[in-house]
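Let's walk through this structure together, one layer at a time. Please have the sequence and the 3D view open as you read.

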Amino acid sequence: MVEMLGVLAVIGVLSVGGMSAYGIGMKKYKISSLKDTVLHTLKIYGNLSSTGLDYYRIEGADAQEEIKEYNFISPCQLDSSAIPGASGYKVCRLPLGEQYIKIVPMEGRENMYSYMYFVTLTPSNAEVCSALLTAGWEELLPNDWWTRGKMWITSQNGSETLYGQTYTIPRSMAYKSKVCAKICKDSLKYCTIIFDFVGYN
């Protein structure tokens with residue numbers, strides 16, 4: 001009986017350890033999938049901006065239906081936003097979050113438009129934020145994008161620009177992690193990373 005109880009205890013410990021490792025592995029996989037989706041979506045934008053976007057105006061609660069129709073994003077599941085106060089907005093579901101794209105011609109500036117790509121982490125999580133911010137977007141995306149755009153982060157705790165325009169020198173990984181801890185930690189409503197570019201038709 002004592003031996004059997006010992007065996008059961010060992011099996012129990014191994015099971016708990018296995019479940020914990022599985023949970024960590026799944027989170028890493030989701031973070032990797034999130035990075036891949038963001039990069040793929042930005043590359044689609046890059047192809048569009050190199051050929052011209054015409055004068056699309058895509059914004060509002062149902063904008064993502066148009067985004068899908070024009071193939072501006074990879075296939076995704078449309079669903080209501082999980083952000084409090086924005087539940088009437090349809091967004092594309094992402095691993096560990098959601099995305100929303102807005103394309104608007106710039107008022108008073110002919111042949112120019114604003115492209116904003118919102119990646120909202122739900123639930124807001126400093127660890128996921130840090131992994132996404134330190135993915136090396138400065139090197140993954142063309143240099144000329146950053147002369148007319150920026151990457152910034154916002155939540156109800158505050159906002160901060162991380163790269164682009166006036167911030168031509170990339171912030172360090174340690175700095176980005178610190179920003180995530182400050183802006184995304186305990187952020188129960190939303191924590192959004194925004195890629196914000198000005199394009200030319």
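The paragraphs below go from the sheet to the helices, then to the disulfides and the aromatic rings. Please keep in mind throughout that this is a predicted model.

A good place to begin is the sheet. Seven strands build it, and it is open, with the order β1-β2-β3-β4-β7-β5-β6 and antiparallel pairing. Which strands stand at the edges? They are β1, residues 78-80, and β6, residues 158-163; each has a single partner strand, so one side of each is left without a neighbour in the sheet. From one strand to the next, the twist averages 30°. As a reminder, strands of a sheet pair through backbone hydrogen bonds, and the pairing can be parallel or antiparallel.

Now follow strand β5, which covers residues 149-155. On one side, 7 bridges join β5 to the antiparallel strand β7, residues 191-200. Within this pairing, Ile153 has Ile193 of β7 standing opposite. β5 is also joined to β6, here by 5 bridges, and these two strands run antiparallel as well. In that pairing, Trp152 faces Thr161 of β6 as its opposite residue. The connection is easy to trace, as β5 and β6 form a hairpin with 2 residues between them.

With the strands in place, turn to the helices that lie across them. Helix α3, residues 126-133, lies across β4 (112-121), β5, β6 and β7. Its direction makes an angle of about 140° with β4. Helix α6, made up of residues 173-183, lies across β5 and β6 and runs at about 165° to β6. Both helices therefore lie across β5 and β6.

How are α3 and α6 connected to each other? The link is a disulfide between Cys129 and Cys180, with the sulfur atoms 2.0 Å apart. Cys129 belongs to helix α3 and Cys180 to helix α6, so this pair ties together parts that are 51 residues apart in sequence. The angle about the S-S bond is -75°, and the link is left-handed. Cys129 and Cys180 are both buried. Next to Cys129 in the sequence you will find Ser130, also in helix α3. Ser130 touches Ser177 and Cys180, leaving aside residues up to four places away in sequence. Its relative accessibility is 16%, so Ser130 counts as buried; the cut-off for that label is under 20%.

How many disulfides does a search of the whole structure find? The search finds 3. Besides the link between α3 and α6, there is one between Cys76 and Cys92, whose sulfur atoms are 1.9 Å apart. This pair links distant parts of the chain: Cys76 sits in the loop between α2 (63-69) and β1, while Cys92 is in strand β2 (residues 90-94), 16 residues apart. Cys76 has a relative accessibility of 16% and so counts as buried, and Cys92 is buried too, with a relative accessible area of 0%. Another disulfide joins Cys184 to Cys191, with 1.6 Å from S to S. Cys184 and Cys191 are both buried. If you count the bonded cysteines along the chain, the disulfides follow the pattern 1-2, 3-4, 5-6.

The aromatic rings round off the tour. The structure holds 13 aromatic pairs. One of them is formed by Tyr45 and Tyr115: the ring centres are 3.9 Å apart and the planes are at 25°, so the pair is stacked. These two residues come from distant parts of the chain, with Tyr45 in helix α1 (residues 2-51) and Tyr115 in strand β4, 70 residues apart. Are the two tyrosines buried or exposed? Tyr45 has 1% relative accessibility and so counts as buried, and Tyr115, at 2%, counts as buried as well.

The stacked pair is part of a wider group of rings. Tyr45, Tyr115, Trp145, Trp146, Tyr163 and Phe197 form one aromatic cluster. Finally, return to Trp152, the residue that stands opposite Thr161. The charged end of Lys150 sits over the ring of Trp152, 5.5 Å from the ring centre.

Technical notes:
Residues numbered from 1 in each chain as written. Predicted model: local features only at pLDDT ≥ 70, side-chain atom pairs only at ≥ 80, totals over all residues. Heavy atoms only, no water. Pairing = 2+ DSSP bridges. Helix = DSSP H or I, 4+ residues; strand = E, 2+ residues; numbered from the N terminus. Axes fitted to C-alpha atoms, helices over the stretch in contact; angles between N-to-C directions. Contact = heavy atoms within 4.5 Å. Phe/Tyr/Trp six-rings, centres within 6.5 Å; stacked < 30°, edge-to-face > 60°. Buried < 20%, exposed > 50% of the residue type's maximum accessible area, 1.4 Å probe, protein only. Lys NZ or Arg CZ within 6 Å of the ring centre and 35° of its normal. Disulfide = S-S within 2.5 Å.
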